[in-house]
Each structure stands twice: as C-alpha cells, then as structure tokens.
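Please load the model in a viewer and keep a selection tool at hand. The tour below proceeds by selection, one region at a time.

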Amino acid sequence: AAGAAVGFAAVGAAVGGAVGRRARRVRMLWPCGVTGRAAGGLGRFTFRVSCAALPCIPEVGAEPSTGSSASASPGCEDGSAGVRGLAPDPESLRWNLELAVRQEDFEMASWLQAQIRSSDLERPAIALRGLLSERVRRCVDRGLGVGDGALVVRAQRLDAVRELQVLATPPGAAASAEDGLHLILRDGVDDEEVVEAAEAALWSCWLPSGDEIIDLCMRKGLKFMGVGDLPNATQAFSEVIAQDPTYAEGWNKRATALFLAEKFDESIEDCARVLELKPRHFGCLSGLGICHLRKGDERTAARWLRKALEVNPRSGDTKRIVADLEARSAFEVLRPRIKEVLAELRTGRPPRVTATAEQVRVVWDACRVKDLDKFTYYFRIAVECLRGPGVTGVARYYAMKHAGGSVFPLSRITQGFAGFELSPGDSYRYSFMLTLDEELDSAQGGLLLRSGEDIFEAVLERLTLSGIQADSGIREADLARLNKGYQFMGRLEIQVED
C-alpha cells in the first residue's frame with residue numbers, strides 16, 4: 001500500500017493533484033481542464049494516466065454531484081463542475097480503485113466502482129481490453145511470486161503460468177500475455193519449475209495458429225517429421241506458410257525440417273523469417289546458432305546462441321554449447337600466447353605485449369606467505385571496466401619461472417564460479433594461493449576478455465618474486481585482512497618436473 005501511495009503521489013504531483021497528509025486517507029484532486037499525460041508506477045508495473053480523460057475525484061467526505069447519471073463528474077475543489085463531456089479512462093479508474101481499496105477508503109472505492117460500471121457500459125470494447133490487461137497483470141504478478149504482500153506458493157505460480165498460456169494462445173491471443181510469459185522466463189530465477197513451465201507454455205501457445213485447416217496441415221507435417229519423412233514434412237509446412245505467411249511457427253517447423261535434411265542455408269533463411277515475426281523465439285535463435293555451427297562458423301554460432309540465452313537464460317543445453325564454443329575459442333588464442341610468454345620468461349626477454357586496451361585496467365600483486373616446509377605465494381588480481389559496452393571474462397593464464405630457470409604455465413577458462421561480467425564502472429577482484437617445492441623468480445600473465453564479438457587480452461605485467469624473503473612474508477592468519485574485497489579462488493599446490 002505504501003508503494004502504491006508513492007506511485008500515485010508522483011502522478012498526482014505531476015498533474016497538480018495532492019495527497020492527504022498525516023493519518024488521513026489518500027486524497028486525489030484532479031484539476032479540471034488539464035491536458036497531457038503523466039506517468040507513474042505501482043509496484044513493478046508502469047502505467048500512464050490520461051489527465052484529460054480523468055474526472056475530478058472528490059476529497060474524502062465530499063458529496064458526489066446530484067446529476068441523474070451515475071457517471072457524472074463530481075465537483076472540483078475550486079467549485080467548477082468538473083470535466084464534462086469527457087469519458088473517464090477505465091484503466092486509470094481501476095488503478096485508482098485498487099489504491100482506494102488498499103487505503104481502506106471505501107467511500108471513494110464505491111464512487112469509483114460506479115464510474116467504472118458506467119464507463120464499461122458506454123465503451124464495452126475498451127472495457128474488455130482493460131479487464132484483459134488487468135487479468136494478465138495479476139497473472140504475471142503471481143507468476144513472479146508477487147501477491148499484494150502475501151506469499152505466493154509454487155502451485156499458485158504454476159496456475160498463473162497456465163492461465164497466461166491460455167490468454168496467449170490463438171485465436172484471440174493477447175500479446176501482453178506472451179510478454180508476461182517471457183518476463184517470468186527471464187526473471188523467475190528463484191524457482192526452476194516455474195521457469196520450465198513458462199518455457200513449455202510459450203512453446204504451447206506458439207503452435208496453434210487459430211485456423212483449423214492450418215492446424216490440421218501442421219499436425220500432418222509434424223507426423224511426417226516424426227517418422228523421418230523430411231520431404232513430405234517440408235511440403236506440408238510449405239503449404240502452411242502459403243496459407244498464412246504471418247504464422248511464425250510454420251516457418252520455424254519448416255526450418256527444423258530443412259535442418260534435419262542438412263539444408264542449412266535454407267534453414268537459416270526460414271529462421272530469419274521467424275525472427276521477423278517473433279524476435280524472442282528462443283527455439284529459433286538457438287536453432288539458428290546450431291545451423292551456423294554445423295556449417296563450421298563457430299563465431300556466428302556463438303553469437304546467436306548468446307542471443308538465445310538472453311531470452312531464455314536457464315537453457316542448460318544452450319549454456320553448455322556456448323561454454324564449449326567459448327572454451328575452444330579461448331584456447332585458440334591462449335596456446336600461442338602462452339608459448340610466447342614462456343619463451344620470454346625462459347630467456348629473460350622483455351615482454352613483447354605490454355599494452356592493454358583502453359577499455360579496461362588490470363593490476364596484480366603478490367606476496368610470500370610464511371611456510372616452514374614449502375614456498376607459498378598469495379596473488380591478487382583486479383580488473384576494472386572503464387568504458388565501452390562492457391566485458392565478460394573468457395579465460396586467464398599465468399606463466400611462472402622458478403629460481404632455477406625452469407618455466408611452467410597455469411591457465412583456466414573463466415566460467416561458472418570463476419566467471420564475471422562487467423559494465424563500465426564495475427570491477428572484479430579475485431585472489432589465489434600457490435604452493436611449490438621451489439622458489440619462484442618471476443611471473444607474467446593475462447586475462448582474455450570478450451567485448452561483443454571481439455576477444456582481447458588484458459596484460460598482467462611481469463612481477464619479480466625472487467627478492468621476496470621468507471622472513472618478510474605474511475602469515476596465513478593475516479590473509480583475511482588482505483583478501484577483503486577479493487574473491488578467493490582457492491589454494492593450488494603443484495610440483496613441476498623438468
């Protein structure tokens with residue numbers, strides 16, 4: 001209720017209204033003759049109020065006007081007769097009614113109910129759209145676990161998803177219902193079962209066309225495809241497309257049949273038509289990525305699969321494919337780079353690559369940890385995104401040189417626990433410990449970062465470690481203080497053989 005009052009107070013202030021002070025009920029005064037539109041918010045949903053279409057709502061305790069019509073506008077505070085001849089905006093009236101009920105202003109609620117009934121009778125089509133919009137909004141709220149301050153249990157959330165599926169299914173599909181399912185799919189990360197239900201609901205509401213003849217032809221094509229008769233399946237889906245070129249799933253199913261027939265270019269063309277009609281069709285987005293992958297274009301494949309994850313972030317199969325592609329791409333860059341850095345350390349040559357893209361700044365340091373038996377080092381690394389569209393960690397590597405002259409590499413793909421994404425102004429800090437049988441002389445390394453489709457290296461400058469003496473090292477008890485603000489990745493103990 002407090003959130004609702006704040007949202008409506010913002011609207012009232014924008015158009016000259018006022019909110020009652022102290023313990024009085026909410027008081028909304030809409031000036032006569034005001035034109036324009038004002039925006040406000042209630043909870044997580046944004047609404048717009050058409051000021052010119054609103055009646056003057058009386059202060060609590062004011063008497064409604066005595067006109068014969070139940071929808072007559074009551075008088076304004078300045079004594080004017082109100083906005084006459086303008087029908088109230090049904091959606092705005094319903095928002096005000098919800099606020100009045102939450103504030104227990106039942107007198108105002110009764111007056112608004114009369115206004116809504118009158119408006120619905122005068123404009124039934126608009127009233128129906130308003131009721132549908134309200135029904136969708138409440139379903140989305142429940143699907144996301146929001147319910148007027150009360151806890152919404154999983155069963156209620158699943159019921160809301162099923163109701164949205166019905167509302168989003170042709171004929172008579174409500175686009176806002178499909179939008180709501182996408183919102184739950186993207187933001188309902190706290191309950192995997194609800195997210196899976198939203199995904200299944202989208203697939204279910206995409207399949208019907210709303211036309212019995214087209215649906216019969218679709219079933220025929222699906223039956224052919226199920227038994228591997230791809231030519232007849234393709235023909236059936238082509239007939240569907242010919243009857244209704246705006247039916248996205250007809251294009252998508254033909255793209256699937258063409259993919260199975262290994263006609264990847266034709267499948268890609270059909271995928272493009274699907275995305276013109278339904279840009280958030282995650283099945284088509286991932287299928288488009290797989291088509292490019294089968295053609296050997298891993299870079300383009302990864303781009304489309306990442307787009308699919310933006311729409312459906314919980315798709316485990318898509319995540320695994322993207323992770324594999326990024327790992328392979330990273331190792332293609334890492335292998336020659338690690339060989340080059342190891343050669344530089346072994347021979348003592350100055351680093352060839354010393355500059356990092358201006359988009360990021362990266363620093364690292366190291367200190368010796370007191371250890372009676374072995375040589376233990378504590379490393380800290382910080383990377384900051386300074387500008388640009390943001391960066392994502394792909395991989396990192398380190399090249400170490402023993403005091404005796406031997407060198408060895410360490411590398412890892414930065415996914416899962418080690419992964420990070422940075423927007424401009426963000427930073428990521430991590431640390432790790434390394435224990436060896438032999439003292440280290442120096443270390444060098446780098447982080448592979450992705451910005452858009454480009455992968456670049458953020459260089460870790462060469463550190464000299466040979467001068468750090470054991471008696472000047474820190475104790476493990478001090479690490480908690482040094483590690484403040486850093487994510488500790490763990491301790492690695494290795495033995496390196498020549």
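The stops that follow treat confidence, two helices, a sheet, a hairpin and the cysteines.

**Confidence**

The model is a predicted one, and colouring by pLDDT is a suitable start. The chain has an average pLDDT of 79, and 77% of the residues score at least 70. Select residues 1–87 next: the pLDDT is below 50 over this stretch, although the model gives the stretch 159 contacts beyond near neighbours in sequence.

**Helix α10**

Select residues 248–260, which form helix α10. From the first C-alpha to the last, the 13 residues of α10 reach 19 Å, close to the 18 Å expected at 1.5 Å a residue. How many of the 13 residues of α10 are buried? The number is 11, so α10 is largely enclosed by the rest of the structure. The buried residues include Trp-251, Asn-252, Arg-254, Leu-258 and Phe-259. To see what encloses them, display α7 (192–206), α8 (212–226), α9 (230–243), α11 (264–277) and α12 (282–294), against which the buried residues of α10 pack.

Now centre the view on Lys-253, a residue of α10. Is Lys-253 buried or exposed? Its relative accessible area is 12%, and because buried means under 20%, Lys-253 counts as buried. Apart from neighbours within four places in sequence, Lys-253 is in contact with Trp-203, Met-218, Leu-222, Met-225 and Phe-237. After α10 comes Glu-262, which has a positive phi near 60 degrees.

**Helix α13**

Move to residues 298–311, helix α13. Its 14 residues reach 20 Å between the first and last C-alpha, close to the 20 Å expected at 1.5 Å a residue. Colour the buried residues of α13: Thr-300, Ala-301, Ala-302, Leu-305, Arg-306, Ala-308, Leu-309 and Val-311. An α-helix has 3.6 residues a turn, so residues three or four places apart point the same way. Then display α6 (175–187), α12, α14 (316–347) and β9 (440–451), since these are the elements against which the buried residues of α13 pack.

**The four-stranded sheet**

Which order do the strands of the open sheet follow? The order of the 4 strands is β3-β4-β8-β11, and the pairing is mixed. Select β3 (360–369) and β11 (487–493), which stand at the edges; each has a single partner strand, so one side of each lacks a neighbour in the sheet. On average, neighbouring strands of this sheet are turned by 15 degrees against each other, direction ignored.

Add β4 (residues 375–385) to the selection: β3 and β4 are antiparallel and pair over 10 bridges. Strands of a sheet pair through backbone hydrogen bonds, either parallel or antiparallel. At one position of this pair, Val-360 stands opposite Cys-385 in β4.

**The hairpin of β5 and β6**

Select β5 (residues 391–402) and β6 (residues 407–413), antiparallel strands joined by 7 bridges. Lys-401 lies opposite Val-407 in β6. Between the two strands of this hairpin there are 4 residues, and Gly-405 takes a positive phi near 110 degrees.

**Cysteines**

Finish by selecting Cys-139, which is buried with a relative accessible area of 1%. Return also to Cys-385, which is buried with a relative accessible area of 1%. How many disulfides does a search of the whole structure find? The search of the whole structure finds 0.

How values were computed
Residues numbered from 1 in each chain as written. Predicted model: local features only at pLDDT ≥ 70, side-chain atom pairs only at ≥ 80, totals over all residues. Heavy atoms only, no water. Pairing = 2+ DSSP bridges. Axes fitted to C-alpha atoms, helices over the stretch in contact; angles between N-to-C directions. Buried < 20%, exposed > 50% of the residue type's maximum accessible area, 1.4 Å probe, protein only. Contact = heavy atoms within 4.5 Å. Expected span 1.5 Å × (residues − 1). Disulfide = S-S within 2.5 Å. pLDDT = per-residue confidence, 0-100.
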